[in-house]
Amino acid sequence: MKTIDLQKHTVRDLNQALHDQAVECTIREWEVLEPKGQHNIACGLDQNLAVDIKGHAGYFCAGMNKKAHVTIFGNAGQGVAENMMSGTVRVKGDASQAAGATAHGGLLVIEGNAGARCGISMKGVDIVVKGNVGHMSCFMGQAGSLVVCGDAGDALGDSLYETHIYVKGSVKSLGADCIEKEMREEHIEELTELLNRAGVEEDPKSFKRYGSARQLYNFKVDNASAY
Amino acid sequence: MSEDINVKDGLRESATFDRTTMTEIRRAAETGIYDIRGFGAKRKLPHFDDLLFLGASMSRYPLEGYREKCNTSVTLGSRFAKKPIVIDIPVTIAGMSFGALSANAKEALGRGASIMGTSTTTGDGGMTPEERGQSSKLVYQYLPSRYGMNPDDLRKADAIEVVLGQGAKPGGGGMLLGQKITDRVAKMRTLPMGVDQRSACRHPDWTGPDDLAIKIQELREITDWQVPIYIKVGATRTYYDVKLAVKAGADVIVVDGMQGGTAATQDVFIEHVGIPTLAAIPQAVQALQEMGMHRKVQLIVSGGIRNGADVAKCMALGADAVAIGTAALVALGCNHPKYDDEFKKIGSAAGFYDDYHEGKDPAGISTQDPELMKRLDPVEAGRKLANYLNVLTLEAQTLARACGKNDLRNLEPEDLVALTVESAAMARVPLAGTSWIPGQKY
């Protein structure tokens, strides 16, 4: 295991060392000490690495991650795992707004709560939040799944495309074109698999499913009030 | 209404309720929804035609038009990037998406730009292999939608352009209607086929200039600080936007005036939001100069550039380069008269066609219809674009030499005068024959 102390090295030093592993992987396990909320830690990884960040991370931690498995032993700032392509990002604490924004693949697990716009414009990532999510979560979500074991804030799934949303707790309000849908057997299976992958123990049958009503997919005069 | 009808029949058309206005009122009454179209602002605006160059005579020495060199190359992104872009001519191709344009059109843009040693730009739909393959210098747009955005393409790019807005619709997001969301376009954007795609108008994971500074740093980290990062803004509060873009860490700033084109948005947006390109340039240059960053952070200007005179005038006002979109499409064959009959069949006419969003372009450019697309030969169209870019460059050089300049970037506001009070005030150059610049003290 390679240990890098971010009070002795810069984020640039760390990221370059991690990026160098994409060319030839010589060290698979990495430990990052004293991050102290610095931004852009471990972003742009492109190798099957295990990176443990021992503390709080700032904005865009693990942004555009590919293949790597990043664990933040603390809270994560804005845009954690934004545009992730594959791999896993796990936040042991809370995540700020726009967690998993526009992410195309992989798994993002937030063991605490997530702020506003969790999963905004998500494009295929799976996100599992053990706590609550803030307002406008999954706004314009295109693909993938968002699982919320706690409560969801206002305007969940506004202008949703094809993301699957599962919420165990209450939903303060649904956004435009987002509706509650029937929880069929295939959805129980999908949710069970998601919870298992995330290592979260919850009863899938206690969740409700939300998805797009697909009424805003094409412009219609009758929908003018929703635009 | 034409003057002859007024005179002949004694009829008088209302200047307020002219026939175009009445047609739109009737259309709105019939449909109940706003008009969506492509192209740029069609209203008459103060523009580069309102400026003239002061050629050299007694007080300035001209350069020999055919013998003395006049440099046209520009380095973009020298502020922070390890690998700045060097373009051979100061005319780049603006961002236009695959989806809005056919794959052949994108390829033709890449071919034409590469022949002339300049860059082309992706759009709101990701990077296609054809485009990357044919573009020797490719700028990858980073847009609010993030359609197709991925770190592999990011690292293949020669520069990254963070798009905050565009001149045709500052404050609005992209739009691609269902007719053009084919299987390939849908897959690249992770959308259902046939959906009316509405891009977001704000970036999803940051708000404001302080966040943007961190976002830019993230993009630099992911690309190991190799390539330049541009920030593109639609021209509105340009003075402040440019200052904030410099503060956020841009290598290059792109300012797109309201004459800039779009593939689709509301007509009311195109015609009523933003400021003319002419008015935006002096604001941008002033902001850069006050920060001591003029020429250190390069300025690219776009929006209604049509000929070498427009290029030279932009550069005289302080731009480092320009970008063209609509003019490049016209060079490829957009709105060509040879398709006039077909334009008429779809309710338009050659020279007037702006319904790019419908995907029925007879010229095969703003379409995803396989049969229409075949009409555009990317090799031939690319050659035409290269010819056009060459003419723009030669014309700009001609004017620069006449002003005694051996580099296009040596052109300066002192080489210009204005024909109208409005253009004098916007461009901040004297009204022709006077030393009066409206709004400035003597």
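Start with chain B of this predicted model and colour its two domains: domain 1 covers 3-33 and domain 2 covers 38-427. If you place a marker at the centre of each, taken over C-alpha atoms, the two markers sit 34 Å apart. While chain B is selected, try colouring by confidence: the average pLDDT is 94, and 98% of the residues score at least 70. For the model as a whole, ipTM is 0.96 and pTM is 0.96.

**Where the chains meet**

Next, show both chains and select the residues in contact between them. You should pick up 24 residues from chain B and 38 residues from chain A. Which helix of chain B gives the most to the side that touches chain A? Select residues 208-222: this is helix α7, which contributes 5 residues. Colour the chain B side by residue class and you will find 11 nonpolar, 7 polar and 6 charged residues.

**Over to chain A**

Now hide chain B for a moment. Chain A also splits into two domains, with domain 1 at 1-96 and domain 2 at 111-217. Their centres, again over C-alpha atoms, are separated by 26 Å. Where these domains touch, domain 1 of chain A supplies 7 residues and domain 2 of chain A supplies 6. On the domain 1 side, the classes are 3 nonpolar, 2 polar and 2 charged.

**The loop between β5 and β6**

Stay in chain A and select the loop that runs between β5 (88-91) and β6 (107-110); A101(A) is found here. Is A101(A) buried or exposed? A101(A) counts as buried because it has 29 C-beta neighbours inside 10 Å, and 20 or more is enough for that label. Bring chain B back and show the contacts of A101(A). Beyond its neighbours within four places in sequence, these are G79(A), E82(A), I120(A) and S121(A), together with P204(B) and D205(B) from chain B. Then draw a distance from A101(A) to V80(A): they are 21 residues apart along the chain, yet their C-alpha atoms are separated by 7.9 Å.

In this loop you will also find A98(A). Check its backbone: phi is near 60°, a positive value in a residue other than glycine. Most residues other than glycine have a negative phi. A98(A) is buried, since 33 other C-beta atoms lie within 10 Å.

**Last stop: R295(B)**

Finally, go to the loop between α10 (277-290) and β14 (298-302) of chain B and select R295(B). Here phi is near 75°, again positive in a residue that is not glycine. R295(B) counts as partly exposed, because it has 13 C-beta neighbours inside 10 Å.

Definitions and conventions: Residues are numbered from 1 along each chain as its sequence is written. Chains are lettered from A and ligands numbered from 1 in the order in which they are written. This is a predicted model: local features need pLDDT of at least 70, side-chain atom pairs count only at pLDDT 80 or more; totals for chains, interfaces and linings use all residues. Domain bounds come from an automatic or database domain assignment. Two residues are in contact if their C-beta atoms, placed from the backbone, lie within 7 Å. Helices (H or I, at least four residues) and strands (E, at least two) are DSSP runs, numbered from the N terminus. Ala, Val, Leu, Ile, Met, Phe, Trp, Tyr, Cys and Pro count as nonpolar, Asp, Glu, Lys and Arg as charged, and the others, Gly among them, as polar. pLDDT is the predictor's confidence in each residue, from 0 to 100. A residue is buried if 20 or more other C-beta atoms lie within 10 Å of its own, exposed if 12 or fewer, and partly exposed in between; C-beta atoms are placed from the backbone.
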